[in-house]
Amino acid sequence: VFVRGPENLHEGLVNIRIFDLSGKLFFSDQYEASNEVYELNYELISGVYLVQFSNHKINQNKKLVVRQ
């Protein structure tokens, strides 16, 4: 799974979590912050998910649609 990080995330570590729409946590890991695309080592089935990016400066959610 590839996800693009928030535009205002430039430095430090970022926690990335993926939840389904019922709130079930599917993925959680920490990465070096960047404005680039993160490659997450996790396979998701088709559906809609929320990706949460958070660190000491930001807490932002993005919608992720997986189609196979």
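Me: Hello! Which residue takes a positive phi in the hairpin of β2 and β3?

Reply: This is a predicted model, where local features need pLDDT of at least 70 and side-chain atom pairs count only at pLDDT 80 or more, while totals for chains, interfaces and linings use all residues. Residues are numbered from 1 along each chain as its sequence is written, and side-chain values use heavy atoms, leaving out hydrogens and water. The hairpin has 4 residues between its strands (DSSP runs of E, at least two residues, numbered from the N terminus). The positive phi, near 100°, belongs to G23.

Me: How many bridges join strand β2 and strand β3?

Reply: Strand β2 covers residues 13–20 and strand β3 covers residues 25–32. Along them, N15 stands opposite Q30, and R17 has S28 as its bridge partner. Strands pair if DSSP finds at least two bridges between them; here the pairing is antiparallel, and the number of bridges is 7.

Me: Which are the edge strands of the open sheet?

Reply: The sheet has 4 strands in the order β3-β2-β5-β6, with antiparallel pairing. Each edge strand pairs on one side only, and these strands are β3 and β6.

Me: What does the twist average from one strand to the next in that sheet?

Reply: Follow the open sheet in its order, β3-β2-β5-β6. Axes are lines fitted to C-alpha atoms, with angles from 0 to 180 degrees between N-to-C directions. From one strand to the next, the twist averages 20°.

Me: Why does V65 count as partly exposed?

Reply: V65 sits in strand β6, which spans residues 59–66. Buried means under 20% relative accessible area and exposed over 50%, with partly exposed in between (1.4 Å probe, protein chains only). V65 counts as partly exposed because its relative accessibility is 41%.

Me: What kind of aromatic pair do Y31 and Y38 form?

Reply: The structure holds 4 aromatic pairs (ring centres of Phe, Tyr or Trp, the last by its six-membered ring, within 6.5 Å; planes under 30 degrees apart are stacked, over 60 edge-to-face, the rest tilted). Y31 and Y38 lie 5.7 Å apart, centre to centre, with 65° between the planes. Both Y31 and Y38 are buried. Their pair is edge-to-face.

Me: Which residues form one aromatic cluster?

Reply: Y38 also pairs with F53, in a tilted arrangement with 6.2 Å between centres and 40° between planes. That pair links distant parts of the chain, 15 residues apart, with Y38 in strand β4 (residues 37–39) and F53 in strand β5 (residues 47–54). F53 is buried, like Y38. The cluster is formed by Y31, Y38 and F53.
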